[in-house]
Amino acid sequence: MSKKDVTFQYCDEIIDQFEKVCKHPIVEKSSVYYAGVDLGTACIVVAVLDENRRPVAGRYQYADVVRDGMVVDYFGAVQIIREMKAQLEEELGVEELLYAAAAIPPGTDTLDGGAVKNVIQGAGFEITNLLDESTAANAVLRIKNGAIVDIGGGTTGISIFKDGEVVYVADEPTGGTHFSLVLAGALHIPFEEAELKKRDPAHHKEILPVLKPVVEKVAAIVKQHIQGYNVDEIYLVGGTCCLTGIEGIIQKQTGIPTFKPKNPMFATPLGIALNCKQEVMD
Ligand code: ATP
């Protein structure tokens, strides 16, 4: 294993705290709350931080309102986030969670940034920041150099960082949904059953050989994108990277040392919340 640029200490700490507050919210007075809304292809996550930028509450829900990074069910998305917001307000005992930030996949800003902004506002938040997903994830990972590969439900985002700045971004329409489809086909089970099986770490060892070719395909796509950028390290985020052993396959296929935090699923939503401000966007 090569040296790695970051220790994941901050990332692991904040995600660990977030997982705890999703089950047991911290009900203490805070002068302001910052929300991060991650409107994903497979999953919608809302993370709430207090005035000290510590996670105090959070919820996530699987939903089918976004495809390939684009909002396809506007009203469904608004309704789900509105409900999640109300539940979080009740849990925290606050009248209103006002400020939220959101993110969009690389390369979709001009097309879909407006839709995401409208969904967040339609759900009753004031939107204070709309950033790209890689910048969000890096608020938690804090890498200076290397590639962040975000394998979500519908897409894989690839962002290359040089001296802390994003120098290249791409988004490819392959993600965890394809993994579930492959699993369903191989095991002759319905998609929903394959999806649940895939999410259960107890099955990871048994299903990894079946999923290996799809992981290798994702890795080949990543390799193509990062060619010529002298990437020394790959950092994995996104729910699909929870798959035990995925990093080893990607490392082997790309030939580049590959690392992931303890729970890669919540890096982006927490990074979004960390970028939430108190100034409302125009
Ligand atoms: P996108 O980024 O493509 O818009 P998203 O934001 O919904 O999608 P994430 O929330 O990062 O994506 O990840 C959701 C995906 O992660 C789903 O395909 C889900 O099945 C998968 N996933 C979640 N938990 C696990 C797990 N423990 N093991 C394997 N896969 C998992």
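Two strands are counted as a pair if DSSP finds at least two bridges between them. On that basis, an open sheet of five strands can be traced in this predicted model, with the order S10-S9-S8-S11-S12 and mixed pairing. Its edge strands are S10 and strand S12 (258-259), each of which pairs on one side only.

## The chain as a whole

The secondary structure of the chain comprises nine helices and twelve strands. The radius of gyration is 18 Å, close to the 19 Å that the globule rule gives for 282 residues, so the chain is as compact as a globular protein of that length. Along the principal axes, the C-alpha atoms fill a box of roughly 50 × 45 × 35 Å.

Of the 282 residues, 54% count as buried. The accessible surface of the chain comes to about 12700 Å², and 50% of this belongs to carbon and sulfur atoms. Among contacts in the chain with a separation of 6 or more, 66% are made by residues 24 or more positions apart.

## The sheet S10-S9-S8-S11-S12

Strands of a sheet pair through backbone hydrogen bonds, either parallel or antiparallel. In this sheet, strand S8 (residues 146-151) and S9 pair in the antiparallel sense over six bridges, and the two strands form a hairpin with four residues between them. One of the bridges links Ala147 to its partner Ile160 in S9.

On its other pairing, S9 runs antiparallel to strand S10 (residues 165-172), to which seven bridges join it. These two strands also form a hairpin, with two residues between them, and Asp163 in the turn has a positive phi of about 50 degrees. In S10, Tyr168 is the bridge partner of Ile160, and Asp171 is the bridge partner of Gly157. Ile160 is thus bridged to Ala147 and also to Tyr168. Strand S9 (residues 156-162) is mostly covered, with six of its seven residues buried.

Two helices lie across this sheet. Helix H4 lies across S8, S9, S10 and strand S11 (234-237), and runs at about 110 degrees to S8. Helix H8 (residues 246-254) lies across S8, S11 and S12, and runs at about 145 degrees to S11.

## Asn138 in helix H4

Asn138 belongs to helix H4 (residues 133-141). The residue has a relative accessible area of 10%, and it is buried because that value falls under the 20% cut-off. A polar atom of its side chain lies 2.7 Å from the backbone nitrogen of Ile143. Leaving aside neighbours within four places in sequence, Asn138 is in contact with Ile143, Ile148 and Phe161.

## The sheet S3-S2-S1-S6-S7

Another open sheet is formed by five strands in the order S3-S2-S1-S6-S7, again with mixed pairing. Strand S3 (55-62) and strand S7 (126-132) stand at its edges; each has a single partner strand, so one side of each is left without a neighbour in the sheet. From one strand to the next, the twist averages 20 degrees.

Strand S6 (residues 99-104) and S7 pair in the parallel sense over six bridges. In this pairing, Ala100 has Ile127 in S7 as its bridge partner.

Helix H1 (residues 9-23) lies across strand S2 (43-49) and S3, and runs at about 75 degrees to S3. Helix H9 (residues 267-274) lies across strand S1 (34-39), S2, S3, S6 and S7, and runs at about 140 degrees to S1. Eight of the eight residues of H9 are buried, so this helix is largely enclosed by the rest of the structure. The buried residues are Ala267, Thr268, Pro269, Leu270, Gly271, Ile272, Ala273 and Leu274.

## Helices and the strands they cross

The following table sets out the helices described above.

| Helix | Strands crossed | Angle |
|---|---|---|
| H1 (residues 9-23) | S2 and S3 | about 75 degrees to S3 |
| H4 | S8, S9, S10 and S11 | about 110 degrees to S8 |
| H8 (residues 246-254) | S8, S11 and S12 | about 145 degrees to S11 |
| H9 (residues 267-274) | S1, S2, S3, S6 and S7 | about 140 degrees to S1 |

Conventions. Residues are numbered from 1 along each chain as its sequence is written. This is a predicted model: local features need pLDDT of at least 70, side-chain atom pairs count only at pLDDT 80 or more; totals for chains, interfaces and linings use all residues. Side-chain values use heavy atoms; hydrogens and water are left out. Axes are lines fitted to C-alpha atoms, for helices over the stretch in contact, and angles run from 0 to 180 degrees between N-to-C directions. Contact means heavy atoms within 4.5 Å. Buried means under 20% relative accessible area, exposed over 50%, partly exposed in between (1.4 Å probe, protein chains only). The radius of gyration is taken over C-alpha atoms; the globule rule is 2.2 Å times the number of residues to the power 0.38. Accessible areas come from the Shrake-Rupley method with a 1.4 Å probe; for residues, only the protein chains shown count as cover. A polar contact is a pair of N or O atoms within 3.5 Å; within protein, one must be able to donate a hydrogen and the other to accept it, and residues adjacent in sequence count only if both atoms are side-chain atoms.
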